[in-house]
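Reader: I've got a structure open and I'd like to learn how to read it. Can you walk me through it?

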Amino acid sequence: MTQVLFYLILGVCLWALGLYGLLRLKESIRRIISVNIMGSGVFMVMVALAARSEDPDPVMHALVVTGLVVAISATAFALRLSVADVQEDDQ
Amino acid sequence: MTAALIALLLPLFTALCLLLLRSRSGVLVIVTSLLTLLAAAWSLYDVTVNGPQWLELGDWPPPLAIRFQLQPITALLLVFSAMIHLLVAVYAAGSQHSKTRYTDFWPLSCLLQGSLNALWLSGDLFNWYVTLELLGLAAVALVALSGRKAYGPALNYLLLSLGASLVYLLGVALAYGRYGVLDISLLGAMTEADTTTRIAWWLMTLGLMLKAALWPFHLWLPRAHASAPTAVSALLSALVVKGPLFILWRLWSEGAPTELAVEAGPVLAVAGIAALILGGWSALRTPWLKSLVAYSTVAQLGYALMALGLLMYWQLPALDAALWLFVLAHGLAKASMFLAAGELQASLGSKRVSALRGTTETMPVAMFAFAVAGGSLIGLPPSGGFLAKWLLLEPMFETVNHWPWVVGILLGTLISAGYVFRVVALAFDRADPVPPDFSPDRFAHWLALLPALVVWGLALISEPLIHWLTGVPL
């Protein structure tokens with residue numbers, strides 16, 4: 001249980017760190033990274049919660065995989081938008 | 001249920017077809033929207049006759065199942081979103097000033113409608129997360145359609161929307177960790193008022209409030225909605241912000257234990273009043289026409305939030321009708337207002353409110369649409385906005401102690417009247433009208449008037465509508 005608790009707390013800390021970065025930072029690339037840190041934090045919490053029993057909970061794992069897919073597509077879109085934004089500024 | 005599934009799948013397939021065929025045909029989208037509207041109307045008839053229905057995807061039994069639920073309110077929302085989407089599609093294809101005619105608007109708006117329909121039909125915490133993300137991505141891409149000036153607001157919208165989803169997701173993880181189910185009706189039977197549940201529900205609520213731009217998390221909305229093309233602004237204000245609101249309502253009225261709901265109700269209701277007053281104040285002050293309409297969305301969402309908060313606080317299911325009437329009336333009025341505002345500013349060649357001087361003479365129909373829609377936002381009888389407000393006020397008149405809420409509603413109404421009349425008074429200043437730079441498009445003006453007239457038409461069917469809404473079994 002202590003190990004699960006450790007990862008739970010670590011996940012929540014990462015999530016809070018990411019949230020702080022998202023709200024306080026100005027540069028878009030840093031904010032994109034912040035959102036990804038937030039995502040990793042949530043996924044860590046979910047994996048830790050799944051590992052509480054002897055047989056890890058497959059539903060939680062399925063949720064994490066779905067969440068990863070969403071996070072990757074959204075990050076790609078955000079990167080493209082931020083690049084387009086900067087390029088337009090240069091012209 | 002079949003009809004509802006058709007209403008969900010038609011826009012999705014149209015979007016895929018448009019993308020695969022590299023076609024940007026507006027006519028195809030209009031035809032699909034019409035078919036979707038028919039399917040949604042059929043599902044509404046079906047649910048009224050046969051009662052609520054469930055569909056277990058892939059035939060898995062609960063709790064593993066992802067269930068689709070068709071309730072009367074779901075069917076009504078399906079019809080509502082199909083109507084707005086059809087109207088906006090006709091506008092985007094028909095108006096001379098529409099900047100979205102041969103663009104990616106068509107597949108994206110279909111995707112938006114598909115994900116919104118999936119959201120209405122879902123009843124599962126994680127499925128809602130996925131539909132929220134789909135909705136958010138489609139909405140951001142639509143905002144970015146207006147070109148370089150919109151990239152900044154679009155990126156900000158995207159990042160805040162992603163952050164909000166992750167706040168929501170942490171809440172979902174905690175709720176699942178505590179109860180082991182994700183289905184909202186199963187959760188409703190299990191939840192207890194303990195600390196974990198409280199944290200989980202508040203995390204989900206905060207995420208959804210940010211997504212729905214409910215005060216104090218509304219700061220991203222005016223920039224995003226005002227910088228989007230006109231057709232997109234109408235879709236965003238009329239439909240997209242209602243999605244998270246729907247989840248919020250299901251979460252608290254179905255999933256949460258009564259004690260927690262009673263505890264959280266006043267907080268949400270006070271946030272609603274703050275939205276009404278502060279959003280309305282910003283709408284009064286802004287020099288830009290589209291920002292004014294966007295801030296009015298922030299303010300009007302305050303009514304819906306207040307209805308939700310009081311519904312939880314007093315445990316009055318009768319306020320459901322007020323909440324959903326607000327959503328319908330605001331959606332119709334706001335679609336009308338954004339289309340009218342977009343047409344006005346495109347013809348005048350200026351984005352300022354001050355350019356509207358004398359528009360009752362130069363573009364009477366568009367200004368009439370704006371004023372009629374504004375009348376419903378203020379809540380003038382006999383509009384849909386009035387009906388909703390009356391339903392919200394009714395329980396307050398019954399008990400003396402409820403007077404502070406009435407004062408909040410009064411202040412909100414006063415400010416709404418202020419920002420609507422600010423525009424209308426200017427439009428009647430005919431001494432020295434601003435001449436339009438471009439020829440006005442009469443067809444688009446009449447189109448903008450249509451939903452405003454429908455809102456006022458709601459009053460004609462008010463009695464059966466209210467009975468039907470209050471009879472909605474949860």
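Reader: Let's begin where the chains meet. How many residues does the contact take from chain A and from chain B?

Author: Keep in mind that this is a predicted model. The contact takes 26 residues from chain A and 20 residues from chain B. On the chain A side, α1, α2 (28-50) and α3 (58-90) each supply at least two residues. The largest share, 13 residues, comes from α3(A). By class, that side of chain A has 18 nonpolar, 5 polar and 3 charged residues.

Reader: What scores does the model get for ipTM and pTM?

Author: The model has ipTM 0.95 and pTM 0.94. For chain B, the mean pLDDT is 90, and 99% of its residues reach 70 or more. As a general habit, don't read predicted coordinates in detail where pLDDT is low.

Reader: Now helix packing. At what angle do α17 and α18 of chain B pack?

Author: For a helix pair, look at the angle, then the side chains. Helix α17 (residues 384-398) and helix α18 (residues 403-427) of chain B pack at about 155°, with their axes 9 Å apart. Angles over 145 degrees count as roughly antiparallel, so α17(B) and α18(B) are roughly antiparallel to each other. Their crossing is left-handed.

Reader: Which residues meet there?

Author: From α17(B), Lys389(B), Leu392(B), Leu393(B) and Met396(B) meet Trp405(B), Val406(B) and Ile409(B) of α18(B). That contact divides into 6 nonpolar, no polar and 1 charged.

Reader: Let's turn to backbone oddities. Where is there a cis peptide bond?

Author: Check omega. The bond from Trp215(B) to Pro216(B) is cis, with omega near 0°, and Pro216(B) is in the loop between α8 (195-211) and α9 (220-227) of chain B. A cis bond also joins Pro381(B) and Pro382(B), with omega about 0°; Pro382(B) is in the loop between α16 (364-378) and α17 of chain B.

Reader: And phi? What is the phi of Ala213(B)?

Author: Ala213(B) has a positive phi of about 55° although it is not a glycine. Ala213(B) is found in the loop between α8 and α9 of chain B. Gln315(B), not a glycine either, has a positive phi of about 55°; its loop runs between α13 (289-314) and α14 (319-348) of chain B.

Reader: Is Ala213(B) buried or exposed?

Author: Count C-beta neighbours. Ala213(B) is buried, with 29 other C-beta atoms within 10 Å. Gln315(B) has 13 within 10 Å, so Gln315(B) is partly exposed. Over in helix α1 (residues 2-24) of chain A you'll find Thr2(A), which counts as exposed because it has 5 C-beta neighbours inside 10 Å.

Key
Residues are numbered from 1 along each chain as its sequence is written. Chains are lettered from A and ligands numbered from 1 in the order in which they are written. This is a predicted model: local features need pLDDT of at least 70, side-chain atom pairs count only at pLDDT 80 or more; totals for chains, interfaces and linings use all residues. Helices (H or I, at least four residues) and strands (E, at least two) are DSSP runs, numbered from the N terminus. A residue is buried if 20 or more other C-beta atoms lie within 10 Å of its own, exposed if 12 or fewer, and partly exposed in between; C-beta atoms are placed from the backbone. Two residues are in contact if their C-beta atoms, placed from the backbone, lie within 7 Å. Ala, Val, Leu, Ile, Met, Phe, Trp, Tyr, Cys and Pro count as nonpolar, Asp, Glu, Lys and Arg as charged, and the others, Gly among them, as polar. pLDDT is the predictor's confidence in each residue, from 0 to 100. Axes are lines fitted to C-alpha atoms, for helices over the stretch in contact, and angles run from 0 to 180 degrees between N-to-C directions. Angles under 35 degrees count as roughly parallel, over 145 as roughly antiparallel, 65 to 115 as roughly perpendicular and the rest as oblique. A crossing is left-handed if the near helix is turned anticlockwise from the far one by less than a right angle, and right-handed if clockwise.
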